[in-house]
Amino acid sequence: METVACPDCDLLQRLPELPPGGKARCPRCGQALATKPTDPLGRALALTLTAAIVFIVANTAPLMGLSAVGRHASTTIVGGAYQMWVQGQEVTAVIVAFCAVIAPGSYILFMLTILLAVRRPPAPQWIGEMLRWKDAMQPWSMNEVMILGILVALIKIAELARVDPGVGMYAVGGLVALFPAIMVTFDPREVWKRIEWADGQAPPPPEARGATPRRGRAMTATALTAAQAGLVSCETCALLSQPADAAEPGYCPRCGGELALRRHHSIQYTWALVIAAAICFIPANVLPVLTTNALGSSDSDTIIGGVVFLYTSGSWPLALIVLVASVMVPLGKLIALSYLLITVQRGSLGSRRERTRLYRMVALVGRWSMLDVFVDTFIVALVQLQPLMSVESGPGVVFFAAVVVLTMIAAESFDPRLVWDSRANREERHV
């Protein structure tokens with residue numbers, strides 16, 4: 001059996017041999033440790049190839065079209081980001097392009113590279129770097145948030161003119177189904193078993209894969225966590241290794257990633273990001289995000305104003321979704337991260353399992369705050385029927401996008417293992 005450390009609470013445990021479709025969870029915090037999909041490489045490759053084709057269609061075909069008094073306008077995903085750039089919202093344009101095009105496209109490219117290169121073991125060591133970049137792109141690929149933003153934009157501009165959904169919108173909907181399917185069927189552990197180690201050694205044979213990892217040592221009967229056993233778990237490939245030194249653990253012998261008992265300066269970095277996001281949250285909700293110009297008149301809307309518009313127009317379910325995603329979720333993330341940081345710094349030992357679940361929820365729902373940014377982007381890109389009607393982005397958009405990005409990075413900077421550490425252990429490691 002393979003010995004692993006839980007990434008959320010650092011508990012040492014041995015993974016049993018899983019049946020097809022089985023899943024192993026940490027008994028202390030409930031984190032999923034391993035899964036065993038059926039045909040984890042073949043099915044994932046087929047789904048990824050399909051996603052690549054659908055991705056091309058989604059980014060080349062129009063998302064939707066707008067018609068009014070003989071004038072017609074349409075937009076694509078890149079067209080929405082470009083229109084933001086033209087209107088002086090360069091930062092917002094880059095964020096939209098990254099979350100809607102670059103991140104999902106890179107995720108598909110990295111997955112294709114990994115799944116094709118790993119078919120001939122031993123796989124080259126650089127595949128490990130591809131796995132690291134694939135994991136980095138995954139949380140920023142926001143197809144599901146974008147499709148909901150497109151639907152909200154359709155409803156908001158339906159009263160202004162006739163709106164027709166395009167082929168690109170259906171393709172984005174296809175990506176919404178394909179990306180989770182890829183994540184469920186793909187098992188990175190199968191890839192790591194085939195990769196040549198960073199120190200130049202070949203991967204261990206199948207009969208030795210359940211043994212204690214190289215440069216590691218056996219778990220003692222009294223050891224509860226990897227840190228207590230004098231071991232460190234690689235955050236990239238999950239290999240348990242014996243650190244070279246407590247202050248400088250060195251590098252993972254399998255993937256070459258830098259080892260750390262806990263993320264460096266996790267508390268300080270997370271506090272800085274939370275404070276910066278809290279500062280941006282105020283202008284994001286006070287300043288206008290959209291300005292509509294029609295027949296010589298001008299009307300500006302804030303985020304709350306958009307919620308009120310959806311509610312009064314009869315689309316109260318979407319109004320509730322926008323209110324939750326654009327106001328309650330960012331505010332809730334700021335409060336939740338502050339609570340986690342304060343309890344960690346005070347050395348609180350109570351409700352650790354519940355606080356770990358709270359952290360997972362914060363990391364999971366944070367991406368949905370990007371909803372209003374996508375809504376504003378596609379409205380601005382589509383409603384350009386000069387001189388009859390036009391919509392311009394307001395200064396509130398860039399502040400709101402900053403809140404979303406900062407809170408997402410803050411959630412990734414926070415180390416959930418600190419929730420389970422005692423204050424003495426944390427001070428000893430200077431986290």
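This section describes the helix packing, the nonpolar cores and one exposed strand residue in a predicted model of the protein chain.

The protein chain holds 14 helices and 13 strands. Of its 431 residues, 51% count as buried. Among contacts between residues at least 6 apart in sequence, 70% join residues at least 24 apart.

Helix α3, which spans residues 90-117, takes part in two of the helix pairs described here. With helix α1 (residues 42-60), α3 packs at an angle of about 150°, the two axes lying 10 Å apart. Because angles over 145 degrees count as roughly antiparallel, α1 is assigned that orientation relative to α3. The crossing of α1 past α3 is left-handed. On the α1 side, the contact comprises A44, L45, T48, L49, A51, A52, F55 and N59. These residues meet A100, V101, P104, G105, I108, M111, L112, L115 and L116 of α3. By class, the contact of α1 with α3 contains 14 nonpolar and three polar residues, with no charged residues.

The second partner of α3 is helix α4 (residues 126-137), and their axes are 9 Å apart at an angle of about 150°. The two helices are therefore roughly antiparallel to each other, and their crossing is left-handed. From α3, the residues in contact are F98, A103, S106, Y107, F110, M111, T113, I114 and A117. Those contributed by α4 are W126, I127, M130, L131, W133, K134 and M137. The contact of α3 with α4 has 13 nonpolar, two polar and one charged residues by class. M111 of α3 appears in the contact with α1 and also in the contact with α4.

A further helix pair is formed by α8 (residues 266-286) and α13 (residues 396-413), which pack at an angle of about 160° with their axes 8 Å apart. This angle makes α8 roughly antiparallel to α13. Helix α8 passes α13 in a left-handed crossing. The residues of α8 in the contact are S266, Y269, T270, L273, V274, A276, A277, C280, F281, P283 and A284. Their counterparts in α13 are G396, F399, F400, A402, V403, L406, T407, I409, A410 and S413. Sorted by class, the contact of α8 with α13 includes 16 nonpolar and five polar residues, and no charged residues.

The largest nonpolar core has 127 residues, of which I150, F186, V191, M370 and F374 touch the most other members. Helix α3 gives the most to this core, with 14 residues. When residues up to four places away in sequence are not counted, M370 touches I95, C99, M142, V145, V404 and V405. Of these, I95 and C99 fall within the residue range of α3, whereas V404 and V405 fall within that of α13. Another core lies apart from the largest one and consists of six residues, including A5, A226, A229 and L231.

Outside these helix pairs, H72 is found in strand β6 (residues 71-75). With a relative accessible area of 54%, H72 is exposed, since the exposed class begins over 50%. H72 and Q384 are 312 residues apart in sequence, yet their C-alpha atoms are 9.2 Å apart in space.

Methods: Residues are numbered from 1 along each chain as its sequence is written. This is a predicted model: local features need pLDDT of at least 70, side-chain atom pairs count only at pLDDT 80 or more; totals for chains, interfaces and linings use all residues. Side-chain values use heavy atoms; hydrogens and water are left out. Axes are lines fitted to C-alpha atoms, for helices over the stretch in contact, and angles run from 0 to 180 degrees between N-to-C directions. Helices (H or I, at least four residues) and strands (E, at least two) are DSSP runs, numbered from the N terminus. Angles under 35 degrees count as roughly parallel, over 145 as roughly antiparallel, 65 to 115 as roughly perpendicular and the rest as oblique. A crossing is left-handed if the near helix is turned anticlockwise from the far one by less than a right angle, and right-handed if clockwise. Contact means heavy atoms within 4.5 Å. Ala, Val, Leu, Ile, Met, Phe, Trp, Tyr, Cys and Pro count as nonpolar, Asp, Glu, Lys and Arg as charged, and the others, Gly among them, as polar. A nonpolar core is a set of buried Ala, Val, Leu, Ile, Met, Phe, Trp, Tyr and Cys residues joined through side-chain atoms within 4.5 Å. Buried means under 20% relative accessible area, exposed over 50%, partly exposed in between (1.4 Å probe, protein chains only).
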